[in-house]
Amino acid sequence: MGAYELRDALKGLNFKLSNRSLETIVLRFHSKRGVISFDMFVQINVRLVLMFESFLRRSRASRTGKVVFSMDDFIMATLCI
């Protein structure tokens, strides 16, 4: 799967990511040939679900659509993903 296919697949799963976020994901998970395997695609989805859930839990508490993380919260949220 290439970057454009990944974008379409993630859009189909209701993940609307910026170009910068998508580029970062592709650079992190692509193979030497520049493609993303099915296993990596599943891993990307799991990580995105966990990240979105973590953000939404915190944003509901603040009700502003923005979240403030302490350094400890950020480290725990990203290391557990």
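Buried means a relative accessible area under 20%, exposed means over 50%, and partly exposed covers what lies in between, as computed with a 1.4 Å probe on protein chains only. By this scale F69 counts as partly exposed, because its relative accessibility is 31%.

The structure described here is a predicted model, in which local features need a pLDDT of at least 70 and side-chain atom pairs count only at pLDDT 80 or more, while totals for chains, interfaces and linings use all residues. Residues are numbered from 1 along each chain as its sequence is written, and side-chain values use heavy atoms, with hydrogens and water left out.

## Overall build

The secondary structure of the protein comes to four helices and zero strands, where helices (H or I, at least four residues) and strands (E, at least two) are DSSP runs numbered from the N terminus. Read along the sequence, this gives the pattern α-α-α-α. Taken along the principal axes, the C-alpha atoms fill a box of roughly 40 × 25 × 20 Å. Of the 81 residues in the protein, 22% are buried. A contact means heavy atoms within 4.5 Å, and among the contacts with a separation of 6 or more, 38% join residues that are 24 or more positions apart.

## How helix 1 meets helix 2

Helix 1 (residues 3–12) and helix 2 pack at an angle of about 120°, and their axes are 11 Å apart. The axes are lines fitted to C-alpha atoms, for helices over the stretch in contact, and the angles run from 0 to 180 degrees between N-to-C directions. Angles under 35 degrees count as roughly parallel, those over 145 as roughly antiparallel, those from 65 to 115 as roughly perpendicular, and the rest as oblique; helix 1 and helix 2 are therefore oblique to each other. On the helix 1 side the contact is made by A3, L6, R7 and L10, and on the helix 2 side by N19, L22, I25 and V26. By class, this contact has six nonpolar, one polar and one charged residues, where Ala, Val, Leu, Ile, Met, Phe, Trp, Tyr, Cys and Pro count as nonpolar, Asp, Glu, Lys and Arg as charged, and the others, Gly among them, as polar.

The loop between helix 1 and helix 2 holds N14. The phi angle of N14 is near 65°, a positive value in a residue other than glycine, and N14 is exposed because its relative accessible area is 60%.

## The nonpolar core

A nonpolar core is a set of buried Ala, Val, Leu, Ile, Met, Phe, Trp, Tyr and Cys residues joined through side-chain atoms within 4.5 Å. The largest one here has 12 residues, namely L6, L10, F15, L17, L22, I25, V26, F29, I36, F41, I44 and L48. Helix 1, helix 2 and helix 3 are the elements that give two or more residues to this core, and the largest share, four residues, comes from helix 2. In soluble globular proteins, nonpolar side chains tend to be buried together.

L22 is one of the core residues and has its place in helix 2 (residues 19–29). The C-alpha atoms of L22 and Y4 are 9.5 Å apart in space, although the two residues are 18 residues apart in sequence. I25, which also belongs to the core, touches L6, L17, I44 and L48, not counting residues up to four places away in sequence.

## Four residues side by side

The table sets out accessibility and contacts for four residues, again without neighbours up to four places away in sequence.

| Residue | Relative accessibility | Contacts |
|---|---|---|
| L22 | 7%, buried | A3, L6, R7 and L10 |
| N45 | 12%, buried | L10, L13 and F15 |
| R58 | 26%, partly exposed | V67, F69 and D73 |
| F69 | 31%, partly exposed | S54, R58, F74 and A77 |

N45 has its place in helix 3 (residues 38–62), and R58 lies in helix 3 as well. F69, by contrast, lies in the loop between helix 3 and helix 4 (71–79). The C-alpha atoms of F69 and Y4 are 31 Å apart in space, and these two residues are 65 residues apart in sequence. For R58 and T78, which are 20 residues apart along the chain, the C-alpha atoms are separated by 14 Å.
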